[in-house]
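Have your viewer open and your selection tool ready. We will move from one stop to the next, with something to pick at each.

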Number of protein chains: 2
Amino acid sequence: MPAEPRPSGIVALAGGVGGAKLAAGLQAVVGAGLTVVVNTGDDFELHGLTIWPDHDTVAYTLAGLEDREQGWGLRDETWHVMGALDRLGGETWFRLGDRDLATHLLRSGRLARGDRATEVALALQAAHGVGPQILPMSDEPVRTEVRTDDGWLTFQDYFVRLRQAPAVREIRFRGIDDARPSAEVGAAIRAAEAIVVCPSNPFVSIGPILALPGIREAIAARRAAGARVVAVSPIVAGRALKGPADRMLQSLGHDPSALGVARLYAGIADVLVVDHADTDLAAAIRSAGIEPLVADTVMTDDASRARLAATVVDASRAATTSRAAARA
Amino acid sequence: MPAEPRPSGIVALAGGVGGAKLAAGLQAVVGAGLTVVVNTGDDFELHGLTIWPDHDTVAYTLAGLEDREQGWGLRDETWHVMGALDRLGGETWFRLGDRDLATHLLRSGRLARGDRATEVALALQAAHGVGPQILPMSDEPVRTEVRTDDGWLTFQDYFVRLRQAPAVREIRFRGIDDARPSAEVGAAIRAAEAIVVCPSNPFVSIGPILALPGIREAIAARRAAGARVVAVSPIVAGRALKGPADRMLQSLGHDPSALGVARLYAGIADVLVVDHADTDLAAAIRSAGIEPLVADTVMTDDASRARLAATVVDASRAATTSRAAARA
């Protein structure tokens with residue numbers, strides 16, 4: 001690894017597990033210089049509580065509390081409430097552990113008092129001992145919905161209850177027209193030395209963030225000022241490492257590959273980091289308008305998370321250099 | 001115990017623990033012929049959830065699930081969520097057990113969907129295996145507030161968080177003007193063979209029920225049609241068996257005794273059951289306009305619950321007989 005100083009103002013756009021893993025790697029590399037802007041499109045209301053799956057996955061992961069075997073929730077979780085709810089005949093398809101519920105209670109109480117989502121998020125992060133800031137993309141609620149052959153579904157209905165089985169024909173973000181990036185998100189992007197698009201689902205994790213009115217312009221302005229945008233493909237050898245991104249690419253009419261991802265991010269990102277398994281797509285990705293960078297993108301442990309993060313950070317600087325060189 | 005058939009259409013007005021105990025006794029005596037109309041004035045919102053303390057105390061007690069040592073909540077409860085919430089710095093002054101939380105989640109989810117309070121209550125009771133109907137006094141929210149020397153407090157703030165320490169100067173029921181007895185409550189009163197006012201706090205447990213627009217008239221109409229109203233004093237020898245009823249009588253300018261209770265229920269009830277310890281108040285109670293009936297009113301076990309319930313049921317019939325006799 002190079003010993004040279006790394007940029008500290010890294011803004012990472014992230015959804016759930018894949019984004020959380022790279023965010024943890026970035027935290028290891030740049031520490032509190034990291035700000036994560038997290039998707040809120042999969043937030044939802046259940047049992048009267050407001051649940052923020054992506055925020056909590058990133059927060060638990062950055063706090064080192066995540067259950068890595070299971071892939072979601074807290075390590076060493078207990079399930080007394082769900083057991084009781086199940087005996088009462090309640091809805092238990094979205095599993096809420098006892099410790100996890102404490103997060104939802106604390107959040108829901110503060111939101112019910114009228115506190116801003118961003119304030120609530122930062123308070124939760126402080127309570128959990130998270131170092132970097134994790135910013136909800138907006139203080140206004142946005143709710144992702146997907147159209148299947150059986151009609152429109154709320155996101156968690158599709159994602160968790162139906163286990164992503166139906167083909168997705170269309171996606172919409174309810175509330176997006178009235179939502180704006182929070183002041184904190186705007187400030188973070190304006191100060192970013194680099195912007196990282198994490199290996200999250202381009203449609204339902206990164207998509208809602210990029211669909212926020214003003215956010216593409218804010219990112220473009222930052223790029224124009226010299227900051228580089230580095231994306232990491234969530235598709236490796238035509239398969240999503242987790243979740244339905246590959247099937248969504250297909251059912252929504254895109255190429256189910258890192259090349260399909262490259263086409264989605266053309267005009268937004270400077271660099272697309274793809275896995276060694278996709279080396280043969282490099283030329284096509286470059287033709288799509290993004291500079292490919294081949295690396296190990298599969299994050300199986302702390303070391304591989306940090307390694308990919310270092311690659312991304314280096315790419316954000318190298319790209320600056322190469323563009324500067326191209327200009328010269 | 002007499003073997004003669006007992007009336008089955010008993011409507012009991014109840015608050016929390018004292019009301020729940022007599023309701024359990026009435027259940028033992030008249031079975032599913034019991035309908036409990038429960039105070040909703042101490043319902044409140046916490047952590048985004050809607051909590052119904054009196055309903056749940058009665059429901060858990062009638063289902064035989066209550067924690068008798070502690071005096072509230074479920075037996076064999078666990079506290080994982082509260083422990084986690086405490087570690088996060090959340091509000092834990094109102095203790096919510098893990099199994100109890102399942103009740104709150106199920107309720108809050110259904111209320112958030114727009115279901116009527118009465119429907120939600122009956123569904124919860126079915127889930128918990130409760131036999132008799134427990135009817136929230138109203139489908140419209142009513143919230144009791146008490147004025148102390150430090151100003152107005154929400155009821156649970158006073159009752160649980162401040163442990164009833166401040167003197168209560170005034171009581172109000174927010175929402176009461178817009179609330180009505182539910183259709184089910186109206187039907188139950190119209191069909192009642194007898195109405196029982198449980199040994200609950202006259203101000204904050206029975207008070208909100210009697211303050212509902214139309215309820216006094218409904219009870220009076222039923223009395224005029226021959227049904228008797230039997231109240232049980234929650235004050236024994238000048239002390240409340242549980243809670244602040246004795247101090248409230250005092251601070252609100254009433255006699256802190258069964259006689260003070262008698263004066264509150266004059267015009268509403270035909271009979272006031274008082275404890276043997278208050279035998280000397282019988283003449284004064286009669287002068288206040290209610291027929292006193294001296295009995296053992298302290299309920300320490302199933303047998304004493306059922307014994308008091310049988311006394312109450314007998315009194316509801318005896319009163320009818322004696323009034324019928326007086327008329328003849």
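This tour visits a sheet in chain B, two helices across it, a loop, and then the interface with chain A. Keep in mind that the model is predicted.

**Stop 1: the sheet.** Select the strands of chain B and show them as a cartoon. Seven of them form an open sheet with parallel pairing, in the order S5-S2-S1-S9-S10-S13-S14. Now colour S5 (133-136) and S14 (291-295) of chain B: each stands at an edge with a single partner strand, so one side of each has no neighbour in the sheet. If you look along the sheet, the twist from one strand to the next averages 25°.

**Stop 2: one edge pair.** Zoom in on S2 of chain B, residues 34-38, together with S5(B). These two pair in the parallel sense over four bridges. Which residue of S5(B) is the bridge partner of Thr35(B)? Pick Gln133(B), and you have the partner.

**Stop 3: helices across the strands.** Add helix H1 of chain B, residues 17-30. Helix H1 lies across S1 (10-14), S2, S9 (194-197) and S10 (228-232) of chain B, and runs at about 165° to S2(B). Next, add helix H7 of chain B, residues 183-191. Helix H7 lies across S1, S2, S5 and S9 of chain B, at about 125° to S5(B).

**Stop 4: a loop residue.** Go to Asp115(B), in the loop between helix H4 (98-112) and helix H5 (117-128) of chain B. Show side chains here: that of Asp115(B) makes a polar contact with the side chain of Arg110(B), at 2.8 Å. Leaving aside neighbours within four places in sequence, Asp115(B) is in contact with Arg110(B) and Val120(B).

**Stop 5: the interface.** Bring chain A into view. Here 24 residues of chain B are in contact with 24 residues of chain A. The two chains bury about 2,000 Å² between them, 76% of it on carbon and sulfur atoms.

How many salt bridges does the rule find across the interface of chain B and chain A? There are two, and one to select is Arg113(A) with Glu91(B), whose side chains meet at 3.9 Å, N to O. On the side of chain B that touches chain A, helix H3 (80-87), H4 and H5 of chain B each supply at least two residues. H4(B) gives the largest share, nine residues. Colour that side of chain B by residue class to finish: its residues divide into ten nonpolar, nine polar and five charged.

Methods:
Residues are numbered from 1 along each chain as its sequence is written. Chains are lettered from A and ligands numbered from 1 in the order in which they are written. This is a predicted model: local features need pLDDT of at least 70, side-chain atom pairs count only at pLDDT 80 or more; totals for chains, interfaces and linings use all residues. Side-chain values use heavy atoms; hydrogens and water are left out. Two strands pair if DSSP finds at least two bridges between them. Axes are lines fitted to C-alpha atoms, for helices over the stretch in contact, and angles run from 0 to 180 degrees between N-to-C directions. Contact means heavy atoms within 4.5 Å. A polar contact is a pair of N or O atoms within 3.5 Å; within protein, one must be able to donate a hydrogen and the other to accept it, and residues adjacent in sequence count only if both atoms are side-chain atoms. Buried area is the accessible area (1.4 Å probe) that two parts lose on being put together, summed over both. A salt bridge is a side-chain nitrogen of Lys or Arg within 4 Å of a carboxyl oxygen of Asp or Glu. Ala, Val, Leu, Ile, Met, Phe, Trp, Tyr, Cys and Pro count as nonpolar, Asp, Glu, Lys and Arg as charged, and the others, Gly among them, as polar.
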